Amino acid sequence: MSQGPRSGLTAVSSALLAMSRHLEVRDVLKTIVASARELLDAQYAALGVPDDHGGFAQFVVDGVDEERWKAIGPLPRQHGILAAMLHEAKAERLADVRKDPRFEGWPSAHPEMSDFLGLPIRDGDEVIGALFLANKLCPGGVNPPRSGPTGGCGFTEDDEELLAILAQHAAIALTNARLYERSRELTIAEERSRLAHELHDAVSQKLFSLRLTAQAATTLVDRDPARAKGELQQVAALAAEATDELRAAVVELRPAALDEDGLVATLRTQVQVLDRAHSARVSFTAHGVRALPAAQEEAFLRVAQEALHNALRHSGAEHVEVTLHKRGPDTVLRVVDDGGGFDPTTVRRAGRHLGLVSMRDRAGGVGGSLTVQSAPGEGTTIEMEAPGG
């Protein structure tokens with residue numbers, strides 16, 4: 001295998017480490033595509049994950065700007081060369097893809113491609129994706145027109161060998177990411193199921209008793225006011241017991257790490273995990289914050305988690321900064337991202353709250369406040385302030 005600057009051992013090692021760094025499937029796909037394009041000096045790279053209906057469940061590209069990608073239109077179907085890679089599970093290396101009898105054309109906005117290299121990504125006997133490159137860049141930056149006889153410099157056997165190595169490790173990284181997401185989904189489902197059972201056993205019976213007692217009180221109001229009063233007192237007692245049971249169930253969901261490590265260490269650990277799992281850079285700093293009452297610590301943690309979820313899932317941010325610091329007698333949490341931002345008033349009118357209602361409730365529940373500063377294209381800052389620390 002040639003030892004060019006991009007195909008050397010260091011470059012390959014860096015690409016493999018980058019793939020293993022991520023846990024989210026989408027981030028793994030983007031890293032695979034970017035690594036392949038860089039390692040093999042290609043103008044374009046793409047990776048498609050097939051669905052069960054002749055299309056692609058996910059399709060990631062590198063080398064095509066967002067404006068052109070939108071203009072291209074719907075995701076491709078499994079036809080032509082893509083179908084060959086997925087169904088025949090073999091490499092495809094072509095001097096000019098446009099001259100292949102299986103070529104079926106492109107949308108009008110699609111970039112011009114000629115030389116082509118594609119490989120299936122396999123997990124055992126299952127094809128879980130198709131990775132392909134187009135338009136090999138010539139050494140020295142001199143590239144012939146793509147309409148030429150060979151469409152460019154062309155991919156070599158060494159390129160195919162290198163892409164095969166990358167595809168093998170991509171299969172491992174993608175499979176691990178899928179397993180991680182499934183395990184997380186199972187954990188959430190199990191926790192919901194457990195809580196549902198506990199709430200049913202501990203609370204629903206009391207609520208049923210409360211309803212029967214209230215009905216009894218209703219029938220006694222006119223003919224026996226004294227007994228009706230007693231029944232209503234029982235209603236109040238049952239309601240208080242049900243409230244206590246609900247609080248106990250919620251307290252049980254308090255993260256164990258808070259009790260063991262405290263808020264600062266727990267936040268730092270969670271931010272480190274998110275930084276490894278996402279393409280965005282996530283950082284955390286704390287200044288002068290001491291231990292807080294349990295309720296405050298949990299509220300700060302939950303608000304931070306919700307704000308981070310929004311920033312990493314919805315904003316398209318490249319950087320997210322979490323800080324925890326003192327402001328007079330209060331503790332202040334700030335989560336700042338450089339993402340797309342939003343209009344908070346529009347979000348409220350549309351009935352989508354991005355967790356803002358929950359965050360405000362948590363802040364208010366511990367005597368604190370929550371402020372949100374955001375505008376389209378200007379990122380978002382979420383700040384929670386509460387007494388203590």
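Is C153 buried, partly exposed or exposed? I will start from that cysteine, and the answer is that C153 counts as partly exposed, because its relative accessibility is 39%, which falls between the 20% limit for buried and the 50% limit for exposed. Please keep in mind throughout that what we have in front of us is a predicted model.

C153 has a partner, since a disulfide joins C138 to C153, with a distance of 1.6 Å from S to S, and the count for this model comes to one disulfide. The partner, C138, is buried, with a relative accessible area of 10%. If you look along the bond itself, the torsion about the S-S bond of C138 and C153 is about 130°, so the disulfide is right-handed. Both cysteines lie in the loop between β5, residues 126-136, and α5, residues 157-220, so the pair ties together parts that are 15 residues apart in sequence.

Here a word of care about confidence is in order. The protein chain averages a pLDDT of 80, and 79% of the residues score at least 70. Over residues 147-151, however, the pLDDT is below 50, and this stretch has 10 contacts in the model beyond near neighbours in sequence. The pLDDT also stays under 50 over residues 1-7, where the model has 16 contacts beyond four places in sequence. Among the elements of the chain, helix α9, residues 344-349, has the lowest mean pLDDT, at 64, whereas strand β8, residues 330-337, has the highest, at 95.

Strand β8 brings me to the sheet. Five strands form an open sheet in the order β6-β7-β8-β10-β9, and the pairing is mixed. For anyone new to sheets, strands pair through backbone hydrogen bonds, either parallel or antiparallel. In this sheet the edge strands are β6, residues 281-287, and β9, residues 369-374, each of which pairs on one side only, and the twist averages 10° from one strand to the next.

Let us take the β9 edge more slowly. Strand β9 pairs with β10, residues 380-387, in the antiparallel sense over six bridges, and within this part of the sheet V372 stands opposite I382 in β10.

Finally, two helices pack on the sheet. Helix α8, residues 294-314, touches β6, β7, β8, β9 and β10, and its direction makes about 10° with that of β8. Helix α10, residues 356-365, touches β9 and β10, and its direction makes about 145° with that of β9.

Definitions and conventions:
Residues are numbered from 1 along each chain as its sequence is written. This is a predicted model: local features need pLDDT of at least 70, side-chain atom pairs count only at pLDDT 80 or more; totals for chains, interfaces and linings use all residues. Side-chain values use heavy atoms; hydrogens and water are left out. pLDDT is the predictor's confidence in each residue, from 0 to 100. Helices (H or I, at least four residues) and strands (E, at least two) are DSSP runs, numbered from the N terminus. Contact means heavy atoms within 4.5 Å. A disulfide is a pair of cysteine sulfur atoms within 2.5 Å. Buried means under 20% relative accessible area, exposed over 50%, partly exposed in between (1.4 Å probe, protein chains only). Two strands pair if DSSP finds at least two bridges between them. Axes are lines fitted to C-alpha atoms, for helices over the stretch in contact, and angles run from 0 to 180 degrees between N-to-C directions.
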